[in-house]
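Subject: Structure handover

Hello,

Here is the structure you asked to look over. My notes on it follow below.

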Amino acid sequence: MNSNAFFSDLLASISERGRTLLRRAGSSDTKQDASGLVELCEALLSGRGEASGTAMAREVLDRYHHLDEAGRLSFFETLARKFGPDREKLAQAIESWRTQPNDADASDLHFASEPRRQELIRRLNRAPGGTGELVAMRADLLDVKDSHKDLAALDRDVVHLLSSWFNRGFLVLRRIDWSTPANILEQIIRYEAVHEIRDWDDLRRRIDPADRRCYAFFHPALVDDPLIFVEVALTESIPGAIAPLLAEDRQPVPIERARTAVFYSISNTQRGLGGISFGSFLIKQVVEELRRELPKLENFVTLSPVPGFMQWLKQAGDVPVTDEDRALLDHLDQPDWFENAELAAQLRSVLEPLAAHYFLKARTPKGRLIDSVARFHLGNGARLERIDWLGDLSPKGLRESAGIMVNYLYRLEDIEKNHEAYANQGEVAASSAVKKLLKSEGRRLLDMRLS
């Protein structure tokens, strides 16, 4: 931490000296619109001095902050349109390669094809605090990218560089507990995306007891900003509902009796790093950490939401249900339907097999699993272990998944095999219990059609 602070102070000093040089030279542009910012970017790319370059980078980032939404869009569009590869150099490199291809020409072709905006982004990263501000700039880009297809190439270049700067080798795993600085704990409360943390007391219940853990990845350039964090409950067995884990009056599990580590919430904090995956590394490293600390742990599982299930039920045209099923599913719109035991039992007989179909058979037009949480865990090599009926009775859980949750099991000896099967053949590793639900769905539909 101290070395990071020293380095940051050194960069700030260089930057300030460079700003002084810029002011003395009279080269500081006073334009505050996107065109003035682009001119400064051109100057940054053409310059060679370290001090003036660092100062210019800082100036670019400062001016970017003063742009309104239209100005930022204009800036992004200019980067996409005018900061691509040098076409003349690229044409020469292509001709050299065609004439007499060799390793040197291949290298020249590689560097000639690189868009100028990549070098611009690298130079912006030299500014004090530049890495964090580029991540924030990427978040702004995501806000407009989908409605402006011409920005896709710019986004690819930004992601390419951020993926290098935020690769696993730079990330540091830290445990979050009640002694963690308050500014970091505030971010845990703010960015919890799965099960809302209501207040400081709620946070303490999740990270302070002996049977609770929280871990986060940090980056040296963002020392006080967790990139992603996971909350863990240590239990005696695999849980089927979230409420008992989060209850205010729950009895802590004696640590010597814990046999299961439950990953019940994973949250990203940096929207600008969307599409750059840390979660798989986080889970696997936390598993190793827990195994060293608690060698008696036998099971490593999630208790996961199913955020796309109800939307699929309502909108997909290939949901395998009869008219009678549809009429029954209409009851899900009633408040507190789950308190009617007879109705809940009828809905369970329909919804559990449909959930199995949703995970094992349903796909997007591109052939991907519909559920983003399922794609994440199955892609990491987990197995779909169990479908948990009425696992989440919160308003959000009922609205998104009819209260259904699932357990994904991380069996260390099977992770690689499961990952390869999913990545190469699209096969979902699932327990016999889940597969049995899918078979029961087929038999039930056949019986209803024959009757």
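Which residues does Ile 276 touch, not counting residues up to four places away in sequence? The answer is Val 159, Leu 162 and Ser 163. Before going further, please keep in mind that this is a predicted model.

Ile 276 itself is in the loop that runs between strand 4 and helix 13 (279-293). Its relative accessibility is 9%, so Ile 276 counts as buried. Ser 164 is 112 residues away from Ile 276 in sequence, while the C-alpha to C-alpha distance between them is 9.8 Å.

Overall picture

The chain has 451 residues, of which 48% count as buried. Its secondary structure consists of 20 helices and 7 strands. The C-alpha trace spans about 85 × 55 × 45 Å along its principal axes. Taking contacts between residues at least 6 apart in sequence, 72% join residues at least 24 apart. The exposed area of the chain is about 22900 Å², and carbon and sulfur atoms supply 50% of it. On the charge side, there are 61 positive and 69 negative side chains. The centres of these two sets lie 3 Å apart.

Aromatic side chains

Searching the whole structure gives 10 aromatic pairs. One of them is formed by Phe 309 and Tyr 358: the ring centres are 5.4 Å apart and the planes are at 75°, so this pair is edge-to-face. The cut-off for that label is an angle over 60 degrees. The pair links distant parts of the chain, since Phe 309 belongs to helix 14 (residues 309-315) and Tyr 358 to helix 16 (residues 341-360), 49 residues apart. Both Phe 309 and Tyr 358 are buried.

Tyr 358 also pairs with Phe 359, again edge-to-face, with 5.2 Å from centre to centre and 75° between the planes. Tyr 358 has a relative accessibility of 1%, so it counts as buried. Phe 359 has 1% relative accessibility and therefore counts as buried too. Together with Trp 312, the residues Phe 309, Tyr 358 and Phe 359 form one aromatic cluster.

Val 306 touches two members of that cluster, Tyr 358 and Phe 359. Other residues that Val 306 touches, not counting residues up to four places away in sequence, include Asp 371, Glu 400, Ser 401, Ile 404, Met 405 and Val 406. Val 306 lies in the loop between strand 5 (299-302) and helix 14. With a relative accessible area of 2%, Val 306 is buried; the cut-off for that is under 20%. Val 306 and Arg 375 are 69 residues apart in sequence, and their C-alpha atoms are 11 Å apart in space.

Two arginines over rings

Arg 116 has its charged end over the ring of Phe 83, at 4.6 Å from the ring centre. In the other case, the charged end of Arg 174 sits over the ring of Phe 218, and the distance to the ring centre is 3.9 Å.

Backbone and loops

Most residues other than glycine have a negative phi. Asp 336 has a positive one, near 60°. Asp 336 is placed in the loop between helix 15 (323-329) and helix 16. Its relative accessibility is 44%, so Asp 336 counts as partly exposed.

Ala 402 is another residue other than glycine with a positive phi, here near 55°. Ala 402 is in the loop between helix 18 (395-401) and strand 7 (405-409). Is Ala 402 buried or exposed? At 1% relative accessibility, Ala 402 counts as buried.

The last loop residue on my list is Asp 249, which is found between helix 12 (243-246) and strand 4 (260-268). Asp 249 has a relative accessibility of 64%, so it counts as exposed. How far apart in space are Asp 249 and Asp 146? They are 46 Å apart, C-alpha to C-alpha, with their positions 103 residues apart in sequence.

Regards

Conventions. Residues numbered from 1 in each chain as written. Predicted model: local features only at pLDDT ≥ 70, side-chain atom pairs only at ≥ 80, totals over all residues. Heavy atoms only, no water. Helix = DSSP H or I, 4+ residues; strand = E, 2+ residues; numbered from the N terminus. Buried < 20%, exposed > 50% of the residue type's maximum accessible area, 1.4 Å probe, protein only. Contact = heavy atoms within 4.5 Å. Areas by Shrake-Rupley, 256 points an atom, 1.4 Å probe, with all protein chains shown as cover. Lys, Arg positive; Asp, Glu negative; His and termini not counted. Charge placed at Lys NZ, Arg CZ, Asp CG, Glu CD. Phe/Tyr/Trp six-rings, centres within 6.5 Å; stacked < 30°, edge-to-face > 60°. Lys NZ or Arg CZ within 6 Å of the ring centre and 35° of its normal.
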